[in-house]
Structures are given as C-alpha cells and as structure tokens.
Amino acid sequence: MELCHTYGIPHSQFTGAGDGRWTALDRAKALSWLAYSRAACAGCGTRLDEWRPEQGGDLFAYVADSHTCPGCELVEMEREQVPEGPDGRGVKIGLKPRREQ
C-alpha cells in the first residue's frame, strides 16, 4: 500500500487486476492504510495497541536497540561547525556521494 500511496495508483492496478480506476475496495484499502500509518508514533514508529495487553499487545513488545549511523554522525559533526547567529541561519547540511565533489 505504501507504493500505491507513493505513486497514486489503486491497489488493484498495482496487483495487475485493475484498469487504473479506483474501486470501492481500492478506496477502503487506501483509507485503512492511511489510518494505520498515521497511528504510528513519529518518534519510534510503534503503535499504542502494540503495547496495550487489553488490545492484544505486550508491555514488553520491543527492546531498545542502538546503533550509530556513520552518515548521521558526519552530519552532526559538520553541524557543530556552523556558526551561531546570523552567519549560521538557514544553513542546511546534507550528504552527497564523494564522486560528486
């Protein structure tokens, strides 16, 4: 459904069964997927029902796992070099492949 959302196509067309027109089932699937995706926490990506035993979840549904992303580390290191005040306003930091330099 995420691909269907990204490309703006009905699920039936994605599966090869449709002609590109949105059916009632396609719309229901799209609305259901949208509600499901919006229910996820923007910070951690989990949903409340995953944690609530009364809704079939588990208080220990997940364990914390940490890792370091070398790209994010590099961006943060560069961000430390951005000056405070007017000279640093609006500075955006991104990554590009070395071959593009």
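**An all-helix pattern and the setting of glutamate 50**

Read from one end of the sequence to the other, the protein follows the pattern α-α-α-α-α. In this predicted model, that amounts to 5 helices and 0 strands.

The overall dimensions come next. The C-alpha trace spans about 55 × 40 × 30 Å along its principal axes. The radius of gyration of the protein is 21 Å, whereas a compact globule of 101 residues would have a value near 13 Å. Of the 101 residues, 10% count as buried. The protein exposes about 8800 Å², and carbon and sulfur atoms supply 54% of that area. Among contacts with a separation of 6 or more, 11% are made by residues 24 or more positions apart. As for charge, the protein carries 12 positive and 15 negative charges, and the mean positions of the two groups are 9 Å apart.

It is helpful to look at one residue in detail. Glutamate 50 is found in helix H4, which covers residues 48-51. Its relative accessibility is 25%, so glutamate 50 counts as partly exposed, since buried would mean under 20% and exposed over 50%. A polar atom of the glutamate 50 side chain lies 2.6 Å from the backbone nitrogen of arginine 47. When neighbours within four places in sequence are left aside, glutamate 50 is in contact with Gly57, Asp58, Ala61 and Tyr62. Serine 12 offers another reference point: it is 38 residues from glutamate 50 along the chain, and the C-alpha atoms of the two are separated by 29 Å.

Technical notes. Residues are numbered from 1 along each chain as its sequence is written. This is a predicted model: local features need pLDDT of at least 70, side-chain atom pairs count only at pLDDT 80 or more; totals for chains, interfaces and linings use all residues. Side-chain values use heavy atoms; hydrogens and water are left out. Helices (H or I, at least four residues) and strands (E, at least two) are DSSP runs, numbered from the N terminus. Buried means under 20% relative accessible area, exposed over 50%, partly exposed in between (1.4 Å probe, protein chains only). Contact means heavy atoms within 4.5 Å. A polar contact is a pair of N or O atoms within 3.5 Å; within protein, one must be able to donate a hydrogen and the other to accept it, and residues adjacent in sequence count only if both atoms are side-chain atoms. The radius of gyration is taken over C-alpha atoms; the globule rule is 2.2 Å times the number of residues to the power 0.38. Accessible areas come from the Shrake-Rupley method with a 1.4 Å probe; for residues, only the protein chains shown count as cover. Lys and Arg count as positive and Asp and Glu as negative; His and the chain ends are not counted. The place of a charge is taken as NZ of Lys, CZ of Arg, CG of Asp or CD of Glu.
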